[in-house]
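Colleague: I am new to this structure and would be grateful for a close look at a single part of it. Please take one residue and describe its surroundings in a connected way.

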Amino acid sequence: MALQDVCGFLETLDDISPCTYLPNEMGYMWRTPFEFDGDSAFHFLFPPQQCSRKNRAPTLFSSTFSSLSPHQQPFQLSHGTTTLGFIFQDGVIAAADTRASCKGLICCPISQKIMPIHSHLVVNTSGSGADCMLWERILTREMRLYQLRHRKRLSVNGAAKLLSMMLHPFKGTDVCVAATLCGWDGEETQETLQSCMEIADVKEAVEQDSNVSAISDESAQGSVKMASINEQDEISKDTQALNPTVSNQNTKNALSTFGERSGPRVCYVCSDGLQLKGEIISVGSGSPYAYAVLDDGWRWGMTVDEAVALAREAVFRATHWDAYSGNNVDLFHITAHGWRRRDREDLKEEYYREREREKKKIKEREKERQKREGDELVEGEGDIYSVHCG
Amino acid sequence: MMISARAYGDNGKMKEHHYTGPVEHKFSPYAFNGGTVLAVAGEDFALVASDTRLSEGYSIHSRDSPKCYKLTDTTVIGCSGFHGDCLTLTKIIEARLKMYKHSNNKSMTSGAIAAMLSTILYGKRFFPYYVYNIIGGLDEEGRGAVYSFDPVGSYQRDTYKAGGSASAMLQPLLDNQIGFKNMENVEQLPLTLEKAVQLVKDVFISAAERDVYTGDALKICIITKEGIREEIVPLRKD
């Protein structure tokens with residue numbers, strides 16, 4: 001699909017009609033993701049009364065679509081979910097439930113909301129099912145084209161900006177996409193990995209308190225992330241001072257890719273145009289419950305097991321309290337080496353297992369209490385015993 | 001979802017039919033023509049079944065209007081919802097299949113048809129085809145495949161799926177009988193062709209009992225590597 005575009009290979013009748021290539025500021029023929037007069041994969045058809053608008057010159061930022069009054073649709077599209085993504089010292093965790101609901105009916109109990117885009121980027125989607133699926137395909141295509149043209153993977157922030165720009169013309173229509181891009185930026189060389197670990201170790205040991213305050217600031221404002229990057233800078237300078245020869249090289253590698261840092265990244269993009277960067281992002285009807293669990297247990301220095309357990313717990317609690325989330329948990333872990341998928345887990349069993357655990361705890365507590373009462377009685381009665389023990 | 005949108009008012013209750021003042025009637029390009037479609041995928045077969053009743057409001061337009069359309073030797077699509085959009089959509093799909101065949105000198109596979117249908121449906125995101133599609137067929141390895149769609153193109157591969165007016169009644173029954181959901185200590189045998197056909201017949205008979213838009217006759221298309229076989233079974237006509 002992407003290779004075909006680059007080669008300009010004309011396959012169907014659609015492609016033969018004249019296409020509009022818009023040059024961007026570098027004089028470079030960047031094919032816009034869709035042309036309204038239709039020859040790319042998505043020429044959108046309008047209802048008859050809107051014909052006159054088609055003749056207006058299309059621009060990348062025209063809002064032709066927002067003035068469309070859609071006909072009364074006799075069906076509802078799917079919404080309602082819990083997805084989350086967070087970064088920590090050893091990568092990114094992306095987790096989501098698998099329920100797709102449609103105004104009271106569960107359309108699909110096993111939908112897949114986390115879709116990999118390339119080896120180091122995964123997107124959590126929520127909102128309307130069809131919109132998410134198709135826009136994720138468009139994003140994958142554009143990122144592949146970028147990679148072929150520039151011989152470099154686009155960073156997570158770059159992908160977020162690209163998706164946001166592509167969705168902008170649809171602002172005001174009922175396209176509803178809320179995507180969380182979770183990925184690892186930068187080259188996956190051994191040195192990069194090492195330097196990140198070094199930075200992380202020092203950070204963990206020294207900067208715990210400032211991290212906590214950074215998180216609370218972020219949750220208050222909703223967008224700050226610069227704090228941790230500045231800390232990383234300082235620490236890399238420190239390590240350079242300590243080990244000049246080795247670390248110098250390492251951090252140089254870490255600071256490659258167009259002057260951006262490499263490392264884990266989480267970005268939120270919404271069809272309204274909102275773009276957020278952060279450390280913990282959760283989206284959907286179950287996100288308040290997920291945030292509660294995540295804020296409590298998140299630390300930058302978590303191990304992989306702790307992070308996976310935290311994500312799973314957050315989704316489980318959200319599915320427990322939110323009617324529109326449920327069924328299974330999907331979990332992806334992205335590191336410098338790429339993404340890895342954990343097996344899908346059914347949460348129905350987890351609820352019963354938890355009940356069993358609670359019952360066991362209650363029984364044990366009962367036993368202890370009885371033993372204590374028994375001991376007290378015994379001590380009260382027999383002076384013989386106290387003499388012995390005394 | 002099961003009954004025409006116009007029968008329900010804004011608060012979700014059925015509209016009362018007495019004089020409430022002047023009412024503005026607006027032309028709606030959509031109508032709901034009823035019908036149920038079902039598809040099941042097995043180890044080496046796939047079934048697509050639909051009833052043959054075409055209705056609108058309180059009337060029945062036709063008792064012999066099946067909703068399964070044969071696309072290739074290994075793929076059948078079932079479309080229910082608005083009949084006008086079903087006809088146009090199947091025409092477009094058939095034209096695209098021919099174009100593909102002429103350009104690439106081979107037939108489209110089930111997975112490719114599903115992906116193509118998704119883009120066709122999303123192309124009309126702002127004036128959708130009011131059609132619930134289910135594709136049933138064999139994949140490249142000869143295993144059964146079912147792809148279910150929503151009206152704007154979101155799709156995924158399933159083992160079984162019911163769509164249309166009686167879908168909410170049939171889907172839980174299929175979950176239990178084919179998916180073995182919520183059954184403890186049960187031996188999960190793989191589904192044979194005979195058992196699947198019998199199950200589909202039973203399930204449609206039940207649907208016809210309780211859904212007014214389902215009935216008259218049942219058409220089952222059975223897709224195996226030998227080809228596509230059809231079976232017609234009568235249902236309640238009232």
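Modeller: The account below follows one aspartate, Asp97(A), and then turns to the sheet around it and to the salt bridges.

The model is a predicted one. In chain A, 12 helices and 14 strands make up the secondary structure. Of the 390 residues in this chain, 47% are buried. Among the contacts of chain A with a separation of 6 or more, 68% are between residues 24 or more positions apart.

Asp97(A) belongs to strand S4 of chain A, which covers residues 91-97. Its relative accessibility is 0%, and because buried means under 20% relative accessible area, Asp97(A) counts as buried. The side chain of Asp97(A) comes to 3.4 Å from the backbone nitrogen of Arg99(A). When neighbours within four places in sequence are set aside, the contacts of Asp97(A) include Thr81(A), Thr82(A) and Lys113(A). Val315(A), Thr319(A), Tyr324(A), Ser325(A), Gly326(A) and Asn328(A) are also in contact with Asp97(A).

Lys113(A) deserves separate mention, since this residue forms a salt bridge with Asp97(A), with 2.9 Å between the closest N and O atoms. Lys113(A) sits in the loop between strand S6 (105-108) and strand S7 (114-118) of chain A, whereas Asp97(A) is in strand S4, so the pair ties together parts that are 16 residues apart in sequence. Both Lys113(A) and Asp97(A) are buried.

Strand S4 is itself part of an open sheet of 5 strands in chain A, with the order S12-S3-S4-S13-S14 and antiparallel pairing. At the edges are strand S12 (280-283) and strand S14 (338-346), each of which pairs on one side only. On average, neighbouring strands of this sheet are turned by 10° against each other, direction ignored. Strand S3 (residues 83-88) runs antiparallel to S4(A) and is joined to this strand by 6 bridges. Within that pairing, Ile87(A) stands opposite Val92(A). Helix H9 (residues 287-297) of chain A packs on the sheet and touches S3 and S12 of chain A. The direction of helix H9 makes about 160° with that of S12(A).

The pair of Asp97(A) and Lys113(A) can also be set beside other salt bridges. Over all chains, the structure holds 24 salt bridges. One of the others joins the side chains of Asp139(B) and Arg157(B), at 3.2 Å from N to O. Here Asp139(B) is buried, with a relative accessible area of 14%, while Arg157(B) is partly exposed at 39%. In addition, Asp131(A), Asp174(A) and Arg125(B) are linked in a network of salt bridges.

Definitions and conventions
Residues are numbered from 1 along each chain as its sequence is written. Chains are lettered from A and ligands numbered from 1 in the order in which they are written. This is a predicted model: local features need pLDDT of at least 70, side-chain atom pairs count only at pLDDT 80 or more; totals for chains, interfaces and linings use all residues. Side-chain values use heavy atoms; hydrogens and water are left out. Helices (H or I, at least four residues) and strands (E, at least two) are DSSP runs, numbered from the N terminus. Buried means under 20% relative accessible area, exposed over 50%, partly exposed in between (1.4 Å probe, protein chains only). A polar contact is a pair of N or O atoms within 3.5 Å; within protein, one must be able to donate a hydrogen and the other to accept it, and residues adjacent in sequence count only if both atoms are side-chain atoms. Contact means heavy atoms within 4.5 Å. Two strands pair if DSSP finds at least two bridges between them. Axes are lines fitted to C-alpha atoms, for helices over the stretch in contact, and angles run from 0 to 180 degrees between N-to-C directions. A salt bridge is a side-chain nitrogen of Lys or Arg within 4 Å of a carboxyl oxygen of Asp or Glu.
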